[in-house]
Amino acid sequence: MSSTPVTLNVTGTQFKVSAGTFEKLRLLSPESRTMLDECVLPERKGEVFLERHPACFEALLHLCVHGELHMPPVVCPQVFKNEMQSWGIKLSRLENCCYSTMITVLENHVAVAEFEADNREEISEDFGEKGFRWQVARTRMWNMLERPSSSGWAKIGSNRSVGGAEEFDDSLTGVYFCAVVVFTLFSLFTFIASTHSAFLRNLKKSEWEDYLGDDFSDYEDFLTKRNVIDDEEDNVSNLSQTTAGGNVSLKYLSEEELSNIRARLAFLDYVDYVTVTFFTLDFVLRLLLCPGLTNARLNVFTALDLVALVAMYATLLVDKVLPKEHYTTSALDSIDGLQIFRLVRIFRLLRDVMGFKVLFHSVKSSLHELLLLVMFLSSGVLLFSFLAYWCDRSAMKSLPDACWWAIITMTTVGYGDIYPITFQGKVVGSMCAVSGVLLIAVTVPVVVNNFLLFYSYSKVVSARAKEDQVHTEDNLTCSQTIGGSNKIHVLPQSSNKAKPHNNTSKAANVVVDVG
């Protein structure tokens, strides 16, 4: 009885195994015992019929005979995982050669699932049933303000075909998208141009009076002679009055102070007023149309946008209350520096662009490797900076200087402002440079692989979206054609009855003798 082979029909593929191997197969797990006991065919002399994957079943037989579980190379890892779950086999029983592949595939599957979920995210909100028309209009306005890059204008190259209200909404969203981009760029331009000498001028007489206050009369003669008042008529009149009256300036300003006291061109102020008005209206509309102040839509982007808006108003307020701070560099300029958070709005606009999504998810999936890179880089910087400092005191004046040299050497930048001179220092520098190259060569490809993974999957998503769109348009055209026709066309039946084929399809009869 025990020597009688057992026949297992796995979806048409037959396996003949010994009774001992069959018993091992039954004892793999409770699930396998239940499955094999329920699939016995008494009418076929105890043959077992299973609707499972033949290649995965062969891997189970290999486990029963040789005690090792390997994943077949021709099977999708996700299919193999599902099969093992059906048999009650833990994936940890895989050998290391296959388990590493399975872990990588599962991690990629989770990352791709997050990418796909983010790609399918819908932002339509339910504002209630009362006031239907107002709620619909509110929903459309909220979607436009929250995700303007969902318009066809923002998605250049996409084959969207809309009509009616959707086309109007798409055009309106596109206009808003372009307006936000333009005003954001103008806001950043004024912030950057305010730091360049080409957009700065000398102070006018009224501005000097605001800056110097009651001491302006003491400086007036000096400022007039130095020609730093941005008003030719004032310069001439002041100079003539000073010469006639014989007044002598009592106070002076140093060259450094004069170079720091400048005002920006007037048109930059006007641009600031326009941009702050636009972003204020935009922020107020977002608050009015938001489903609730505690809604998740008030996210980090909105918070940073509020910080930049408050910083702009704070800057205007400080300029009015403390005019002296408007024309010089001081600690209060850090408030104006908060306007750089306006750049976050560009990320809000780009978050629906496929390329930006690919880059974001690539960095997100590589955080572990990037942290390892920072840790290894920090360790190398500390090690080589100490060695370089003790080996070459003439070139490395201090440990901070040595750390700076180690960073620019390990990252292969090499500014050349600090470099070793002695033989020992050059040896340490060579080791530092080689270590930096090896470190970057080992860690950076991980980020590149993640980028290629998401980039290839983004092409799949785009191809499926186009295919679904074409399929939907074909169905719509077909339904319109059928609905517009009053006749029902019936295909004529053939007079010849279908005859059965002589060569009937048979299951693959692959006999595998195991044990």
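Rings of Phe, Tyr and Trp (its six-membered ring) pair if their centres lie within 6.5 Å; planes under 30 degrees apart count as stacked, over 60 as edge-to-face and the rest as tilted. With that in hand, welcome to the exercises.

The model is predicted, so local features need pLDDT of at least 70 and side-chain atom pairs count only at pLDDT 80 or more, while totals for chains, interfaces and linings use all residues. Residues are numbered from 1 along each chain as its sequence is written, and side-chain values use heavy atoms, with hydrogens and water left out.

**Exercise 1. Find the aromatic cluster that includes Phe15, and describe the strand around Phe15.**

Step 1. Phe15 joins Phe57 and Trp87 in one aromatic cluster.

Step 2. Phe15 sits in strand β2 (residues 13–17), on the covered face with Thr13 and Val17. Gln14 and Lys16 make up the uncovered face. Helices (H or I, at least four residues) and strands (E, at least two) are DSSP runs, numbered from the N terminus.

Step 3. Now look at the neighbouring strand: β1 (residues 6–10) pairs with β2 in the antiparallel sense, over five bridges. Two strands pair if DSSP finds at least two bridges between them. Leucine 8 has phenylalanine 15 as its bridge partner in β2.

Step 4. Two residues lie between the strands of this hairpin of β1 and β2, and threonine 11 there takes a positive phi near 50°.

**Exercise 2. Follow the pairing from β1 to β4, and from β3 to β4.**

Step 1. β1 and strand β4 (residues 47–50) run parallel, joined by three bridges. Here valine 10 has leucine 50 as its bridge partner in β4.

Step 2. Strand β3 (residues 40–41) pairs with β4 in the antiparallel sense over two bridges. Leucine 41 is matched with glutamate 47 in β4.

**Exercise 3. Decide how the rings of phenylalanine 183 and phenylalanine 278 are arranged: stacked or edge-to-face?**

Step 1. A search of the whole structure gives nine aromatic pairs.

Step 2. For phenylalanine 183 and phenylalanine 278, the ring centres are 4.1 Å apart and the planes meet at 10°, so this pair is stacked.

Step 3. Place the partners: phenylalanine 183 is in helix α7 (residues 165–193) and phenylalanine 278 in helix α12 (residues 266–289), so to speak distant parts of the chain, 95 residues apart.Step 4. Phenylalanine 278 has a relative accessible area of 18% and is buried. Buried means under 20% relative accessible area, exposed over 50%, partly exposed in between (1.4 Å probe, protein chains only).

**Exercise 4. Locate the salt bridge between aspartate 37 and arginine 26.**

Step 1. The structure holds four salt bridges, each a side-chain nitrogen of Lys or Arg within 4 Å of a carboxyl oxygen of Asp or Glu.

Step 2. In this one, the side chains of aspartate 37 and arginine 26 meet at 3.0 Å, N to O. Aspartate 37 belongs to helix α2 (residues 30–38) and arginine 26 to helix α1 (residues 19–26), so the pair ties together parts that are 11 residues apart in sequence.

Step 3. Check the cover: aspartate 37 is partly exposed at 42% relative accessibility, whereas arginine 26 is buried at 15%.

**Exercise 5. Which helices does the salt bridge of glutamate 114 and lysine 364 tie together?**

Step 1. The closest N and O atoms of glutamate 114 and lysine 364 are 3.8 Å apart.

Step 2. Glutamate 114 lies in helix α5 (residues 96–119) and lysine 364 in helix α17, so parts 250 residues apart in sequence are tied together.

Step 3. Glutamate 114 is partly exposed, with a relative accessible area of 39%, and lysine 364 is partly exposed at 44%.

**Exercise 6. Which element gives the largest share of the nonpolar patch on the surface?**

Step 1. List some members: the patch includes Leu359, Val444 and Tyr455, and its residues have about 730 Å² of accessible area together. Patches are made of residues with over 30% relative accessible area and no salt bridge: like charges are joined within 9 Å, nonpolar side chains (Val, Leu, Ile, Met, Phe, Trp, Tyr) within 5 Å. Accessible areas come from the Shrake-Rupley method with a 1.4 Å probe; for residues, only the protein chains shown count as cover.

Step 2. Two or more residues each come from α17 (354–365) and α20 (423–484). The largest share, six residues, is that of α20.

Step 3. Take one example: valine 444 is found in helix α20 and is partly exposed at 35% relative accessibility.
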